[in-house]
Amino acid sequence: MREEQTNKPSQKNTNPKKPWFWPLIYTGFSVAFVGMIWGYNVYVTSDTAEESKWTDTGDPEKVVIETNAKAESMKYPFKETLLESVEIVQHYYDMEADETTRENSLLVFNQTFVTNTGVTLSMNGEPFEIVAAMSGKVEEVNLDPFEGDEIIISHSNGMQTTYRSVSGILVKVGDEVEQGQALATAAENEWNPTAGIHLQFEVYEDGVLINPESLLAF
């Protein structure tokens with residue numbers, strides 16, 4: 001007998017992969033990756049914010065001094081009890097000032113007119129104590145018998161004050177001074193002899209000269 005050949009149906013995969021299987025896997029990995037990135041950013045941001053709020057200098061008093069310095073307003077470069085006695089003998093040269101004030105702001109040396117870069121303060125021709133207008137750091141102490149010895153102080157708000165035509169200087173470069181601290185005594189110099197004993201007070205804001213009278217009511 002001829003062996004009968006039985007045509008069996010071909011075997012098919014009884015567990016076919018679902019069409020959504022791999023997309024689901026990819027989506028899961030994507031969500032996990034995004035979650036990791038978000039978590040890292042939150043950690044870094046919070047850590048940075050914490051650092052910006054407080055920097056431990058190891059010296060609590062120094063932190064307090066710096067914070068107070070930023071809140072200071074400029075005061076007179078002399079004791080306020082002298083306010084009625086001290087006067088401006090030469091004003092800061094301001095192009096927008098009236099003609100009389102501008103003329104008063106011109107200094108004469110060797111028959112040459114020079115504009116005044118600060119205010120020239122005098123107390124009836126008598127010596128008077130010079131004090132720091134704001135807290136800060138002494139950047140320069142220059143001894144110049146011709147123009148007058150000077151002290152330059154930088155302040156935490158970006159300003160800089162100059163005290164020229166002084167004697168008996170009490171501070172040195174690098175000193176931290178407090179507002180109202182004694183610096184020196186007003187004196188005279190050869191460059192501006194007509195002013196007699198006086199203080200040449202100048203103010204810089206971000207490196208630019210400004211009129212001290214815009215900050216102080218003399």
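**Exercise 1. Is Lys-172 buried or exposed, and which residue is its salt-bridge partner?**

Step 1: Lys-172 has a relative accessibility of 54%, so Lys-172 counts as exposed (exposed means over 50% relative accessible area, buried under 20%, partly exposed in between, with a 1.4 Å probe and protein chains only).

Step 2: Now look for its partner. Lys-172 forms a salt bridge with Asp-175, with the closest N and O atoms 3.1 Å apart (a salt bridge is a side-chain nitrogen of Lys or Arg within 4 Å of a carboxyl oxygen of Asp or Glu).

A word on the model: it is predicted, so local features need pLDDT of at least 70 and side-chain atom pairs count only at pLDDT 80 or more, while totals for chains, interfaces and linings use all residues. Residues are numbered from 1 along each chain as its sequence is written, and side-chain values use heavy atoms, leaving out hydrogens and water.

**Exercise 2. Find which residues salt bridges join into one network.**

Step 1: Start at Arg-164, which is buried at 16% relative accessible area. Arg-164 forms a salt bridge with Glu-150, the closest N and O atoms being 2.9 Å apart. Arg-164 lies in strand S8 and Glu-150 in strand S7, so this pair ties together parts 14 residues apart in sequence (strands are DSSP runs of E, at least two residues, and helices are runs of H or I, at least four, numbered from the N terminus).

Step 2: Glu-202 also forms a salt bridge with Arg-164, again with 2.9 Å between the closest N and O atoms. Glu-202 lies in strand S11, so here the parts tied together are 38 residues apart in sequence.

Step 3: Through shared partners, Glu-150, Arg-164 and Glu-202 form one network.
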